[in-house]
Amino acid sequence: MQLQVSNSPFNHEQTELLNNLLPSLTETQKVWLSGYLTASLSVFNAGTADVSVAQPSEKTISKEVTILYGSQTGNAQGLAENAARKLEGNGFQVTTSSMSDFKVNNLKKVQNLLIAVSTYGEGDPPDNTLSFHEFLHGRRAPSLGDLRFSVLALGDSSYEFFCETGKQFDKRLEELGGTRLFPRMDCDLDYDEPAAEWLEGVISSLSEEQGSTVSAVPATITPVSEHTYSRTNPFKAEVMENINLNGRGSNKETHHIELSLEGSGLTFEPGDSLGIYPQNDSILVDMLLKELNWDPEEIVKVNKQGDLRKLREALISNFEITVLTKSLLEQAAQLSGNEDLKTLLSAGNEEKLKEYREGRDLLDFVRDFGSWGESAQEFVSILRKIPARLYSIANSLSAYPDEVHLTVGSVRYDSHGRERKGVCSILCAERLQPGDTLPVYIQHNQNFKQPKNPDTPIIMVGPGTGIAPFRSIIQEREETEANGKTWLFFGDQHFVTDFLYQTEWQKWLKTGVLTNIDVAFSRDADEKVYVQHRMLEHSRKLYEWLQEGAAVYICGDEKNMAQDVHNTLIEIIEKEGQMSHADAQDYLEEMQQNKRYQRDVY
């Protein structure tokens, strides 16, 4: 509406100025001006009490919130969905989406953006963030002067590039002109409390912008019933079977573990994982206590809620003692005042610090730099909570109701003059017996799921323990009588001792549930052969499957195998499709966008 002298309290010169100015303002500028005029109303009214002044309109800050998540295992997605529920309870209209499903051209229309994103490995972004990450850091990224945003970053502080993906998004959104609703929150493996703090801060900030129209409520994680089992309230699952799958003489030890979920109400699908809260080796704990000279019976608090335990029990069940994070060393340096430690942590010694942390544990650290604090309580106060270990589920719930199966490879190695053992894998290999219980929960993973159409062909690549989710998938397809073709590539060291679940695969091949299987046993010939070599041998046929719409699934080691297989797929597409290397990369990227290329890597 055009302002006129007849419909406003302004004179001709003022209406002309305002009519020229108002159409040029952005929504944010109009909102700011509205608030400014409200706060300054007394100034405008001074000396004109007998004049009727038009009241500024209410704020028009958008109540629409977009939440984007980037998640490899499902944690960030779960937090994004929790944030959506809380925001909707506060009167906001929320759109929640995986970054891979978000239409990037809509970004410039978003006013309130929340990002929940994880980092895995050495600073790597999750697979379902790649296209959005590339767009945001590319030349096509728009100016985002009207955007208000906040980032929740998940990571593991034992890695050098802690929360790197979240930091990159946070920095880039600011560079593009966005304004932070609330500072970025970097979360370690025990993320519940900081995530709740972040969400409460976000809701408070959004609510302040809405004036009094929204009443913020605490965003703490909703307590669960004692009968509702989850990551924060694990179920104690009884061990039914614990079998070594490898034959006599194998260099490996891989355990097939069957757990009972009876009475838990827990459900899962192929592609999901089981989280296990393990215990530290009591022998390692006793060695540490001997070095520390603390009383094992001394009572210490083990969490912010004030729960108490004897020191030895706490070191076995509550605190991480096998990994040295940079944060732990920095806090220990402050408490101990050790000059050598301060030197190691000083600027310019980053490589030395990284080298020191590699392959050492808390016992090494105490032996090298001594203890810290004046009491056992002060000592444990800076230790990280022992994190859960995630394992791909190796069975179909339809085939084995109330059961969950795992395929766990034992981790043993020598480092710095001592034998080292994987916390959870060696618990399973050496100390776990039928009848024992493990605290467990289900980690749902929507980023590793079968095609909705059961007729879609699938290609599975899973060497070693990476075979686990494919056992689950094939069992499920057998139960549901899915008709799509299936092709498995499996590899390990020796055919005789290391062909995991061999008789099952042979049965499924005979019944037709499994269409093809190709195996690679690297130590059975002079020249090592891996799964990617078998894929190349069947290059043309594999490409034909892709052209038919086949979905590709990879499970296993991210650093070596998964990257080699990724590069091999590009090579096959380039060769058989007679494409350029760039076009082959685009082909695979499009498969990923369409959820036809999924990875469960670690």
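This is a guided tour of a predicted model, stop by stop, with a selection to make at each one.

**Before you start**

Residues are numbered from 1 along each chain as its sequence is written, and side-chain values use heavy atoms, with hydrogens and water left out. Because the model is predicted, local features need pLDDT of at least 70 and side-chain atom pairs count only at pLDDT 80 or more, while totals for chains, interfaces and linings use all residues.

**The whole chain**

Begin with the whole chain in view, coloured by secondary structure, where there are 22 helices and 21 strands; helices (H or I, at least four residues) and strands (E, at least two) are DSSP runs, numbered from the N terminus. Of the 602 residues in the chain, 49% are buried, where buried means under 20% relative accessible area, exposed over 50%, and partly exposed in between, with a 1.4 Å probe and protein chains only. The accessible surface comes to about 29600 Å², and 47% of that surface belongs to carbon and sulfur atoms; accessible areas come from the Shrake-Rupley method with a 1.4 Å probe, and for residues only the protein chains shown count as cover. Among contacts between residues at least 6 apart in sequence, 74% join residues at least 24 apart, a contact being heavy atoms within 4.5 Å.

**First stop: helix H8**

Select residues 282-292, which form helix H8, and pick out its buried residues Leu284, Val285, Leu288, Leu289 and Leu292. Looking down the axis of H8, you will find these buried residues within an arc of 135 degrees, so they line one face of the helix; the arc is that of the directions from the helix axis to the C-beta atoms. On the face turned away from the buried side are the exposed residues Ile283 and Lys290. The cover over the buried residues of H8 includes helix H9 (311-317), helix H13 (362-369), helix H14 (376-380) and strand E15 (418-421).

Now look at the two ends of H8. At its start, a side-chain oxygen of Asp281 reaches to within 3.0 Å of the backbone nitrogen of Ile283, and just after the helix Asn293 takes a positive phi of about 65 degrees.

**Second stop: helix H13**

Move on to H13, which is mostly covered, with 6 of its 8 residues buried; these are Leu362, Leu363, Asp364, Phe365, Val366 and Phe369. Show the elements around H13 as well, since its buried residues pack against H8, helix H10 (326-336), helix H11 (339-345), helix H12 (350-357), H14 and E15. The N-terminal end of H13 is capped by Asp361, which has a side-chain oxygen 3.1 Å from the backbone nitrogen of Leu363, and just after the helix Gly370 takes a positive phi of about 80 degrees.

**Third stop: aromatic rings**

Keep Phe365 and Phe369 selected and add Tyr356, Trp372 and Phe379, because ring pairs link these residues into a cluster. Rings of Phe, Tyr and Trp (its six-membered ring) pair if their centres lie within 6.5 Å, with planes under 30 degrees apart counted as stacked, over 60 as edge-to-face and the rest as tilted. By this rule the count comes to 19 aromatic pairs. One of them is the stacked pair of Phe490 and Phe499, at 5.6 Å centre to centre and 15 degrees between the planes, and both Phe490 and Phe499 are buried.

**Fourth stop: Thr407**

Select Thr407, which lies in strand E13 (residues 403-409) and is buried, with a relative accessible area of 4%. The side chains of Thr407 and Tyr501 are joined by a polar contact of 2.7 Å; a polar contact is a pair of N or O atoms within 3.5 Å, where within protein one must be able to donate a hydrogen and the other to accept it, and residues adjacent in sequence count only if both atoms are side-chain atoms. Leaving aside neighbours within four places in sequence, the contacts of Thr407 include Leu245, Thr254, His255 and Leu500.

**Last stop: Asp156**

Finish in the loop between strand E4 (148-154) and helix H6 (164-175), where Asp156 has its place; at 17% relative accessibility, Asp156 counts as buried. The side chain of Asp156 makes polar contacts with the side chain of Ser158 at 2.8 Å and with that of Arg384 at 3.0 Å. Apart from neighbours within four places in sequence, Asp156 is in contact with Phe162, Asp188, Leu189 and Arg384. Add Ser118 to the selection: Asp156 and Ser118 are 38 residues apart in sequence and 9.2 Å apart in space, C-alpha to C-alpha.
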